[in-house]
Every structure is written in C-alpha cells, then in structure tokens.
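Me: I am in my first year and would like to learn how to read a protein model carefully. Could we go through one together, a question at a time?

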Amino acid sequence: MCTLEKRGKVYILTLVGDNEEDEHRLNPTSFDAIANALKEVEQSPDAAALVTTNAGKYFSCGIDMNWIGESPHDRMDVVLEKLENMLASFMRINVPTVAAIRGRAVSGAYMLALAHDYRFMTQGSGELYMCELDLGLPIPKGMLTLIRSKLQPATLRDVVLRASKLDAQLAFEKGILDGVFEDKAATLEAAVKEAEKLAARGWEREIYRGFRLATFPGVAEALDINVPYVVPASFHF
Amino acid sequence: MCSLEKQKNIFILRRTGHGEHRFNPEFMDSIISAIAYVNQNAHQASAIIVTNDGKYFSNGLDLEWMSHDKEIRTQAVGDKFVELLAAVMSLKLPSIAAVCGHACAAGFIFALAHDYRFMRNDRGFLYMSEVDVGMTIPPSVMSVISSKVDSRHLTEVMLGGLKYGAQEALRKGLVDSSHESPDETLGAAINVAVEFGKRKCKGEVYLGLRLGAFPEAAEKLGIRSVSVLPSRL
C-alpha cells in the first residue's frame, strides 16, 4: 500500500504496511495503489517533482512470493506484468523523481529505485540486493534493460552476476546512489530538498519526460514487452 | 599450448610455456576445446580460472603467423578470435582471468571477456595497442570492450595507447583486484571460486544472466540466446 502527500510542488509517495516490520511486498493491490498515485501526480497541474520513500523498517523486500505461490501458474505472470508496467510508468512520468531508500530494497523494489532519476539511502538501514541468481531465477529482458541502463559494467556484473548485497556506503562508491545519510529523517529531508531544487528549475514536464526516455533509450519499450515467465523446474515457492 | 586441470572443484586453464601466448587459429582452437569440455562438466565445478605461465597473459594476435599469407590468415585469425570471445562469454560458470603477465590488444580483450579479472602487480601491464600499431577493431570485438570498460575511461583506453599496471588498472575498474605475485593472484582467484561454489552461480540461469547483462556483446559475437528452461508448472 502507499500514501501520497503534497508539499508545495513536491509529491511524496510512501510505501506503507500494517506495521513497522511490514516488508512492503508488491502484489496486485500494491501495484494498483502505486499506479493510482502516479496517475494523480501525472495529472496534477502544479506537480514538479516526486519523492518515493518508505515507512517502517524496509523499503520493500520485492514481489509477494507467498501470494504468487498460492497459484504460481497464473499469478507469477500477473505480478511480473504489473511490475514491468510500474517500472515503465516511473520511466515515463513527467516530473523528476528521487528515491529516498530508507531500508532494505530487494529485486523488484531495487529495480523500482533504479527507475528513479536520483537515489538517496540511509546508511545502516539495510542492503540493496538483486537476489535472482541466489534463487536460481532468470531476470526478464525488460527489467535487465532497465538495470543495465543505470549501472556501469563492473557494478552491473556485481549486482546481476554476483548478487552482491550492498550497504548504502558501498552502493554509493559503486555509483548506484547519489547520496548516503546518517538516519532516516535526514534521508527523506535531503530527498525532498533535492526534489525542491529540481522543481525550482521550472522545467517543461513533457520535455523532461522526453529527455529521460531519450537518455535511457529502449528501456520503457523493453518493459512494455511482457513475456510469459518460465520458472525453472528447480525453483520452489 | 594450454593445459586444463581441476583443483578442488575449480577448472584452471593455463597457457603453458614462457612464450608470448599469441593467438593463432590452432592455439585458439585448443582454448575453445578446453572451454567446451568445461561447459559439459560445468555442473561439477564452481568456476574456471584462466591464467598463464611466464611473462605474458597474451601479447595479442600472432602477427608473425599472419604475415606469411596476409589476407587469408588475417581473416582466419579475425574470425577465430570472435569465436574465442563468444566461447568465453558462453561459459556456464563464473570465469576469472588471473592475469599474470602482459595482456596486450587481443590479449587484453580476451581478459575483458571474462567475468572477473585479478592481476599481479609486480610486473606486467594491460595495453590496448591497436591505436599505436594502426589496427582497427571490428564491431563484434568492440562490443566486448564497451560492455566491460567504464564509459568514463573508454576514450582513454581505446585512444590513449596507455600501459596500465595493476594498480592503475584497479583504479580504472579494468581489473577487480591486484596481488603481489602470480601465486597470490591465482590463490585469490581460487578463494573467490570456492565462494562461488557455495552459491548457485552456474548453469543456464548464470549464462542467461550474463548474456542478459551484456546483450550487445552476445548479439555481435553471434551467441544465440539460451534455450527456454523447462517449467515444472
């Protein structure tokens, strides 16, 4: 689930759950809530930047494998398509975006962070982790296109081919993050400040959207292609 | 030529002898055969380490051999080198180049095709000599370089004709670590390989992730996409 608040021209989308320990797992309900929030920002006449963050302990631990596991044959494709649509929406949104990562971000949630223009993270709050290799799962082509577009070769190799778990400081050194902060409050404050700076530039929103799509060509298009996912025989939900 | 051994459950492919290990079709075929064997037995191993005896990882293409029948042999070597790079990028387990000597031109590119590069820092350098020698690099081979070299350093690597010792190579992200001697370099590679063995870094999933991470190189080297995995659903 998520909340959406407005501070002047900056929208803040917060991933929330039932309690502090909620993993903010992504399932159709969460994807739909996020999609509605993005639509509201997109259509708001005076929106000029978006910050995405989380409440509680975790940014998000990825897609809801429990929900999928109840009926994997159809639910895996449903979730992956919604994930790809969400990632494409963030690549297409017509305002600058800043991710304030205040907790562990795994797999689909890691990709969500990468889909933002800027990334700030709280030191000691958890790790960035692309877990697919450890689970023996392929990464769909569209998602790989997004990941590739944001990471340098050696970092790409460490993230995808080594499933490295990176804390904020290490992620910053590898060029994944734009800032690291001491605590959660400071992280969000910095992200909002950055968003306000970007908003103050007064950019034409459609031009900004076009620039982002041109800077990372082929990413949104690749995410638009939803291929049925083949779960390896060796994988157990 | 080259020897293939297994230590613990790690394949070690060693270019033997104290020559320059320059690439001609016969030499490259011996490496490609060894790689095919490793792929067939990938399920039993945790990684492959590619290393060298002597002072050279590889000093590049065998220009002397090529000079005896320039046009035909240049084509043959060029085609075979693409095949060699494709073979390295198609390995079904993690590949580590333990660079224990000079890696120049094609030798440097061969090292770049591996997933990881460890290098000795007591002697030897990486050197993309083509700009100095006046050789062009075809798009298929270039795709390996641009996949693996940080874009901040690509201009300097391709057009600067610089010789990078291990320390400088580490700074520029061309290698992952540097070590005091060949034994230490190989030892470090073995330690990392053992770590891979404890995880699921192998098989079709690993290959699929590598090709997915570097699709341009996969396409330009003519590597066909990995077969669809059978689903238990």
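Reply: What follows is a set of questions and answers about this model, which is a predicted one.

Me: How is the size of an interface often given, and what is the area buried between chain A and chain B?
Reply: The size of an interface is often given as the accessible area lost when the parts come together. In this model 27 residues of chain A are in contact with 29 residues of chain B. Carbon and sulfur atoms give 61% of the area buried between the two chains, and that area is about 2,500 Å².

Me: Which element gives the largest share of the side of chain A that touches chain B?
Reply: Across the interface of chain A and chain B there are 7 residue pairs in polar contact. On the side of chain A, the elements that give two or more residues are α3 (72-92), α5 (132-135), α6 (141-150) and α7 (153-161). The largest share, with 6 residues, comes from α7(A).

Me: Which residue of chain B forms a salt bridge with Arg162(A)?
Reply: Between chain A and chain B the count is 3 salt bridges. Salt bridges that share partners join Asp134(A), Arg162(A), Glu195(B) and Arg199(B) into one network. For the pair asked about, the closest N and O atoms are 3.2 Å apart, and the partner of Arg162(A) is Glu195(B).

Me: Is Arg209(A) buried or exposed?
Reply: Arg209(A) forms a salt bridge with Glu206(A), with the closest N and O atoms 3.0 Å apart. The two residues are separated by about one helical turn, because they lie 3 residues apart in helix α10 (residues 205-215) of chain A. Glu206(A) has a relative accessible area of 46% and is therefore partly exposed. Since buried means under 20% relative accessible area, the 18% of Arg209(A) makes this residue buried.

Me: How many residues apart are Glu204(B) and Lys92(B)?
Reply: Glu204(B) and Lys92(B) form a salt bridge whose closest N and O atoms are 3.1 Å apart. Glu204(B) is in helix α10 (residues 203-213) of chain B, whereas Lys92(B) is in the loop between α3 (70-89) and β5 (95-99) of that chain. The pair thus links distant parts of the chain, and the separation is 112 residues.

Me: Which residues make a nonpolar surface patch with Met135(B)?
Reply: Met135(B) is found in the loop between α5 (130-133) and α6 (139-148) of chain B. With a relative accessible area of 34%, Met135(B) is partly exposed, and patches are made of residues with over 30%. The patch covers about 240 Å², and the residues that make it with Met135(B) are Leu63(B) and Val133(B).

Definitions and conventions:
Residues are numbered from 1 along each chain as its sequence is written. Chains are lettered from A and ligands numbered from 1 in the order in which they are written. This is a predicted model: local features need pLDDT of at least 70, side-chain atom pairs count only at pLDDT 80 or more; totals for chains, interfaces and linings use all residues. Side-chain values use heavy atoms; hydrogens and water are left out. Patches are made of residues with over 30% relative accessible area and no salt bridge: like charges are joined within 9 Å, nonpolar side chains (Val, Leu, Ile, Met, Phe, Trp, Tyr) within 5 Å. Accessible areas come from the Shrake-Rupley method with a 1.4 Å probe; for residues, only the protein chains shown count as cover. A salt bridge is a side-chain nitrogen of Lys or Arg within 4 Å of a carboxyl oxygen of Asp or Glu. Helices (H or I, at least four residues) and strands (E, at least two) are DSSP runs, numbered from the N terminus. Buried means under 20% relative accessible area, exposed over 50%, partly exposed in between (1.4 Å probe, protein chains only). Contact means heavy atoms within 4.5 Å. Buried area is the accessible area (1.4 Å probe) that two parts lose on being put together, summed over both. A polar contact is a pair of N or O atoms within 3.5 Å; within protein, one must be able to donate a hydrogen and the other to accept it, and residues adjacent in sequence count only if both atoms are side-chain atoms.
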